[in-house]
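Here are my notes on this one, written as numbered points so you can check them off against the viewer. Have the sequence and the coordinates open while you read.

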Amino acid sequence: MLRITDILEKTQSYLNQEDLEKIEKAYVFSATVHQGQLRLSGEPYLTHPMEVAGILADMKMDAATIVTGLLHDTVEDTLTTLEQVSDNFGADVAQLVDGLTKISRITFGSQEERQAENFRKMILAMSTDIRVLLVRLADRVHNMRTLQYHPPEKQQFIARETLELYAPLANRLGINWIKVELEDLAFLYLYPEAYQEIRRRVDKKKEQRLAYTEEVKGIISQEIAKFGLKGEVEGRAKHFFSIYNKMKSQGIDFDEVYDLIAFRIILDSDQDKSCYEALSVVHALWKPVPGRFKDRIAMPKANGYRSLHTTVIGPYGERVEIQIRTREMHEWAEEGIAAHWRYKEKRSKLGAEDEQIMRLRELLEVQQDSGSPREFMSNLKMALFPDEVYVFTPNGDVKAFPKGATPIDFAYSIHTDVGHSCIGAKVNRNIVPLKYELQNGDTVEIITQAGHHPGKDWLKWAVTSRARSKIKNWIKTEERKKSIELGRDILEREFKKHNLKLSQFVKSEQMKKVCEDNGVGDIDDLMAHVGYGRISARHVVNRFLPEDLVKPEEKVEKPKAKVTPPSPMGISLTGIDDVLVKFAKCCAPIPGDEIVGYISRGRGITIHTTQCPNLAELDPERILEVNWNVKGKETYPVHMRVVCRDKKGVLAEVSSAISAMDINISHAEVETTPDLRAICDFQLDVNDLEQLNHLMASIRKLKSVMTVERLRRG
């Protein structure tokens, strides 16, 4: 266990005596209030805040941040109040602790809602002070290091959240070591077999790799010294998750991953030109691989990362990836905002870290526009795109966008009104369609027309969370207007059937009661629900008819939510009956998937998975909460792709693994490729997600199999 003396030793080189005493006081306070509490590992709970504080000390954070690390769980997990924290450690620490306090005391309808609200709170707090996010990242690092003590389901959820949200957040803040560690730890729990296989194969070549690394380092060091360049050369194996990603994205085997070692030239000079001089030395020494050079000094990444990247054909014909940077660039590349936080008071001009904070604060606008937890999390993930393109405005300003962004994203980045009225764009003075994908170096000019409005098709082309949220808001508003008009028309006709006039009851107390009983705010909401098909017009009219005119089966007692019996398809709908239910072909849900229902006018309810990409294009007002309620053994169609080495008997091996689990193959297609791979697509009939995951794990164990994945088909 880390001791307080260890933390004080880490910090005494850059903090004063008063700060050290404050940290020690926080340690005593945390130990007192957490006394008697244990972690799942059986260790005293105090070990966790101590480890978090230790990580922050390694990052050389200020005293307030380290004190917050020691106290970050006190308000949530003990009887400590924010007032006590403020009285003992000051308003600054209290504000940080408040930003980190999880909202576990509030009851949520779903895990997704809890996750979304935690991230909302974190981003809101971060907009005031970026240190909130730095403490949360340190907290997540230690939680991932001790994830083995959680049950498997919890491990999967935490690892998935870490990979999809926390690692990209660390990347956007430029803290590379946290990004790498979180990715590898998440990889271990999400894909344990692939992780262990890559680890085994990397360890197998360890001695050979170390010898090669030392040889290349020696050659580079000797060569740059000849030209008067001072610095050091590093060489290390790529982390496991990056190797796995390369194998998966390129469909190659481990033995085909050539650049397993990455080299860095870290120059003592603070001049950018020294990096270009070192680059010319490397290219004179070894032949560069075409298309593999990236100048991240002239065009830095969105997170402030600056470096030159090149790949050359090194000794023995091996591909060698080399990064070239100054020490200042290297410090930012590894530690990002954390490295520069302690210099904040010394700087007067806007730095890369300040620009990065401004970028993350833009998430607040998205958060305010997001109507549901699902939409918020979707926007958040989209805002964390790692790959970006850089384009110019007509005035020569540079704007960064996610890879795949279009003129629509550019238009909304200027102003919402510009986005709404966009009818076209000029790229490099040539007119292009709105779905054109922006390329590095493009100069973009937006063409607008007053009175023009966005269409649903724009959601297929927009990539940024800002553009998508603005388009969705406009569509949602228009859809609501249409639904209110349709609902009014339906209600008027239903009232007319019974010789009643809707207009006579619109403002009545009785109508207010109908709205209240159906959980809607006002008459417009009621009409919108009728238009969407959520509430039947007859249900409303019955409230205004004499008792003897209402059929027995239509009589309304005290309106209350009711749960219908499970449908033959194993879906439970709350408060809705007599409705056609079908599964979406695009995502083919199976029991175990998280699902939602979508009301299709006249076509019942279509069930989608929450991960279905088509959900982004659907009207959120028509999305319902649904649940699995499977009784007995049902089978559901699912598509699976297996990529393996093309050799005799491989299809029989895969088919045998499927048959061994008593799973029916309803359709199969096999395609071979010139690089001797076999792509096998299967349509299977499975019972649920657990059975599918078990099958995929079994197939991955086959020696000839390279990848196994579930397919979503549109």
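1. In which helix is the place of Tyr212? Tyr212 sits in helix α13, which covers residues 206-226. Keep in mind throughout that this is a predicted model. With a relative accessible area of 13%, Tyr212 is buried, since the cut-off for that label is under 20%. Not counting residues up to four places away in sequence, Tyr212 touches Ile261, Gly314, Pro315, Tyr316, Glu318 and Val320. Tyr316 is 104 residues from Tyr212 along the chain, and their C-alpha atoms are 9.7 Å apart.

2. Some context for the whole thing. The protein chain has 714 residues, and 49% of them count as buried. It holds 28 helices and 20 strands. Take the contacts between residues at least 6 apart in sequence: 66% of them join residues at least 24 apart.

3. Glu334 is a charged residue to look at in helix α16, residues 327-335. Is Glu334 buried or exposed? It counts as buried, because its relative accessibility is 16% and the limit is under 20%. Setting aside neighbours within four places in sequence, Glu334 is in contact with Gly174, Ile175, Asn176, Trp177, Arg264 and Arg325. The C-alpha atoms of Glu334 and Trp177 are 5.9 Å apart, although 157 residues separate the two along the chain.

4. Now for helix α4, residues 63-71. Nine of its nine residues are buried, so the helix is largely enclosed by the rest of the structure. The buried set consists of Ala63, Ala64, Thr65, Ile66, Val67, Thr68, Gly69, Leu70 and Leu71. In the loop between α3 (47-58) and α4 you'll find Lys60. Phi of Lys60 is positive, near 60°, and this is a residue other than glycine. Lys60 counts as partly exposed, because its relative accessibility is 35%.

5. Ala588 is another spot to check on a Ramachandran plot. Most residues other than glycine have a negative phi. Phi of Ala588, however, is positive, near 40°. This residue is found in the loop between β13 (581-583) and β14. Ala588 is buried, with a relative accessible area of 14%.

6. Helix α25 (residues 523-532) is mostly covered, with nine of its ten residues buried. Those nine are Ile523, Asp525, Leu526, Met527, Ala528, His529, Val530, Gly531 and Tyr532. What do the buried residues of α25 pack against? Their partners are α23, α24 (509-517), α26 (537-541) and β14. At the N-terminal end, Asp522 caps the helix: one of its side-chain oxygens lies 3.1 Å from the backbone nitrogen of Asp524. Just after α25 comes Gly533, with a positive phi of about 90°.

7. Strand β14 (residues 595-600) pairs with β16 in the antiparallel sense, over three bridges. Val596 stands opposite Glu625 of β16. In a regular strand the side chains alternate between the two faces of the sheet. Strand β16 (residues 623-628) shows that alternation: Leu624, Val626 and Trp628 point to one face and are buried, while Ile623, Glu625 and Asn627 point to the other and are not.

8. There's a hairpin to look at as well. Strands β7 (residues 388-392) and β8 (residues 398-402) pair in the antiparallel sense over five bridges. Val391 stands opposite Lys399 in β8. Five residues lie between the two strands, and Gly396 in the turn has a positive phi of about 95°.

9. Last, the cavities. The structure holds three of 30 Å³ or more, and the second largest has about 60 Å³ of space. Its lining is made up of Lys456, Leu459, Lys472, Ile475, Lys476, Glu617, Leu618, Asp619 and Pro620. How do the residues of that lining divide into nonpolar, polar and charged? Four are nonpolar, none is polar and five are charged. Helix α23 (residues 465-497) gives the most to this lining, with three residues. Helix α23 also appears in point 6, among the elements that the buried residues of α25 pack against.

Key
Residues are numbered from 1 along each chain as its sequence is written. This is a predicted model: local features need pLDDT of at least 70, side-chain atom pairs count only at pLDDT 80 or more; totals for chains, interfaces and linings use all residues. Side-chain values use heavy atoms; hydrogens and water are left out. Buried means under 20% relative accessible area, exposed over 50%, partly exposed in between (1.4 Å probe, protein chains only). Helices (H or I, at least four residues) and strands (E, at least two) are DSSP runs, numbered from the N terminus. Two strands pair if DSSP finds at least two bridges between them. On a 1 Å grid over the protein atoms alone, a cavity is a set of points where a 1.4 Å probe fits but cannot get out, and a pocket is an open set with protein on both sides within 12 Å along at least five of seven lines; lining residues have an atom within 4 Å of a point. Grid points are joined across faces, edges and corners, and a volume is the space filled by probe spheres set on the points. Contact means heavy atoms within 4.5 Å. A polar contact is a pair of N or O atoms within 3.5 Å; within protein, one must be able to donate a hydrogen and the other to accept it, and residues adjacent in sequence count only if both atoms are side-chain atoms.
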